[in-house]
Amino acid sequence: MTSPATTLFGMSSPALANPRKHQEPGVRPASVTAALPSTLELLKDVHLGLAVPCQDPARLALLSGHYLYYHYGCDGLDDRGWGCGYRTLQTLCSWPEGQSSGVPGLAALQGALEDMGDKPPGFRGSRNWIGCVEASLCLEHFGGPQGRLYHLPRGAELRGELERLYSHFTAGGGPVMVGGDADAQSKALLGICEGPDMEVYVLILDPHYWGTPKNRCELQAAGWVGWQKVNHVFDSNSFYNLCLTRPI
């Protein structure tokens, strides 16, 4: 597997994705209540073509391999407000080949967690969230990539884990699932970049998109995938779990 890092260099006008404000769980804006098709064509490697977030980066590391972008409603199920963890997990399951074959649906994920005893009876078919711990269990259960868990007591401590993330991506690692408590919105990290002024950026893939994306440029322009400063992404007072994917 090769890293797509070289596709980022040489791009002009580096731009950062704008941090998005999502609806509270269960709240749906009236403008986006239309139903989606039962199955959408999933887009692959939607970060490709993005400019680096700064001029002359000191270090840059991106995931290897390929992935599919899973997001709210991509299979026709309206999971807005509760499904972001499942969608991020599905993105992890699609790595490293970037294929949907073998990626479990939400019902299968819930059923597996209930069957293995991690969740109580009745979890199957619910709208309960999952996080990185459940994701690591499901990766093992379904024979996906390995999921290695790390816990950060506070988001402010993420800077102390930057070397771990650099090592992960440079060693051929895949997407990293991230979730917390005060910041409970699941997301995936696809890369990390350090500027010449020591400012650090992470490449974020946000599963909260609802709609039918035509291409990766549309997602990039709207900020659903893009570079963000570390101190803008992570709540310093929230704990975080990270699930780092590696080949089996």
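Me: Before glutamine 110, what do buried and exposed stand for here?
Reply: Buried means under 20% relative accessible area, exposed over 50%, and partly exposed in between, with a 1.4 Å probe and protein chains only. The model is predicted, so local features need pLDDT of at least 70 and side-chain atom pairs pLDDT 80 or more, while totals for chains, interfaces and linings use all residues. Residues are numbered from 1 along each chain as its sequence is written, and side-chain values use heavy atoms, leaving out hydrogens and water.

Me: Is glutamine 110 buried or exposed?
Reply: Glutamine 110 counts as buried because its relative accessibility is 3%.

Me: Which side chain does glutamine 110 make a polar contact with?
Reply: That of tyrosine 86, at 3.0 Å. A polar contact is a pair of N or O atoms within 3.5 Å; within protein, one must be able to donate a hydrogen and the other to accept it, and residues adjacent in sequence count only if both atoms are side-chain atoms.

Me: Now serine 186: where does it lie?
Reply: In the loop between strand E3 (176–180) and strand E4 (187–194). Strands (E, at least two residues) and helices (H or I, at least four) are DSSP runs, numbered from the N terminus.

Me: And is serine 186 buried or exposed?
Reply: Serine 186 counts as buried, at 4% relative accessibility. Its side chain joins that of threonine 88 in a polar contact of 3.0 Å.

Me: What else does serine 186 touch?
Reply: Leaving aside residues up to four places away in sequence, its contacts include Cys84, Met177 and His208. Contact means heavy atoms within 4.5 Å.
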